[in-house]
Amino acid sequence: RQPRPGQNKRNMPHALEGFRDEPNEWKTTMLKSCCNSPGYFCCACFCCPCVIYQQRNKIIGEDGKYQCCLGMFPCCQSNCPKIPCLCCEVICCPGLAASANRIFIMQKLHIQPDPCDEYIICCSNIMQILACFARCFCDDGIADCFTYAADILFCLTLACMNTQVNYEIENNLQTQGEWPQLGKRLGGDNKVEMA
């Protein structure tokens with residue numbers, strides 16, 4: 001792939017760059033997901049690890065093998081027991097776990113990233129960085145305010161992300177409400193998919 005004009009060949013590629021040419025769009029954006037599925041959004045806000053666990057459990061399926069972050073991030077590349085490893089993943093690294101679920105759905109359903117979604121995720125990341133700087137350079141009261149704001153934004157962003165993924169599965173004609181699984185084709189065909 002040729003770099004865009006003005007882009008340095010040595011720049012690290014964006015994680016979603018490969019999805020830009022996909023033919024499908026999300027059925028809802030992260031921004032609108034809370035209004036399109038308010039019940040699920042509330043559940044995703046207040047019980048985020050449970051929602052991420054449930055989504056991943058459906059992705060892995062009954063006979064699938066657990067791999068940390070679906071093998072998408074270089075944390076642990078070996079096959080591990082689902083219990084307790086998935087529990088640890090969703091509690092200790094909910095952002096990476098939810099992102100892995102989302103990227104898996106984007107791959108399976110050939111969905112291109114929504115620019116507004118990317119801005120929301122970027123804004124949440126920037127707030128986390130600002131909270132770290134505030135902790136280093138500001139008094140405790142201001143640092144606490146930044147930390148609380150960053151944590152609230154992170155939780156809301158994660159809830160929107162999880163709700164968007166669930167809404168996609170429920171409303172996508174290709175899935176017919178069934179979660180795509182590792183190594184299986186869509187639409188109930190149980191033939192193993194070639195990688």
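A residue is taken as buried when its relative accessible area is under 20%. In this predicted model, buried residues account for 37% of the 195 residues in the protein chain. The secondary structure consists of seven helices and zero strands, giving the order α-α-α-α-α-α-α from the N terminus. Of the contacts between residues at least 6 apart in sequence, 68% join residues at least 24 apart. The accessible surface of the chain is about 11700 Å², and carbon and sulfur atoms contribute 61% of that area.

Helix α5 covers residues 94-109. Its 16 residues span 22 Å from the first C-alpha to the last, close to the 22 Å expected at 1.5 Å a residue. Of these 16 residues, 13 are buried, so α5 is largely enclosed by the rest of the structure. Just after α5, H110 adopts a positive phi of about 55 degrees.

Four salt bridges are present in the structure. One of them joins the side chains of R20 and E118, at 2.8 Å from N to O. R20 lies in the segment before α1 (30-36) and E118 in helix α6, so this pair ties together parts that are 98 residues apart in sequence. R20 is partly exposed, with a relative accessibility of 31%, whereas E118 is buried at 18%.

A salt bridge is also formed by R56 and E89, whose closest N and O atoms are 2.9 Å apart. This pair links helix α3 (residues 48-60), which holds R56, to helix α4 (residues 82-92), which holds E89, across 33 residues. R56 is buried at 0% relative accessibility, and E89 is buried at 4%.

Helix α5 takes part in a salt bridge through R102, the side chain of which meets that of D117 at 3.0 Å, N to O. D117 belongs to helix α6, and the two residues are 15 apart in the chain. D117 has a relative accessible area of 1% and is buried; R102, at 4%, is buried as well.

On the surface, I126, I129, L130, F133, F137, I142 and F146 make a nonpolar patch of about 680 Å². The elements that give two or more residues to the patch are α6 (115-137) and α7 (140-171). Helix α6 provides the largest share, five residues. I126, one of the patch residues, lies in α6 and is partly exposed, with a relative accessible area of 44%. Helix α6 thus holds patch residues as well as the buried salt-bridge residues E118 and D117.

Methods: Residues numbered from 1 in each chain as written. Predicted model: local features only at pLDDT ≥ 70, side-chain atom pairs only at ≥ 80, totals over all residues. Heavy atoms only, no water. Helix = DSSP H or I, 4+ residues; strand = E, 2+ residues; numbered from the N terminus. Buried < 20%, exposed > 50% of the residue type's maximum accessible area, 1.4 Å probe, protein only. Contact = heavy atoms within 4.5 Å. Areas by Shrake-Rupley, 256 points an atom, 1.4 Å probe, with all protein chains shown as cover. Expected span 1.5 Å × (residues − 1). Patch = residues over 30% accessible without salt bridge, like charges linked within 9 Å, V, L, I, M, F, W, Y side chains within 5 Å.
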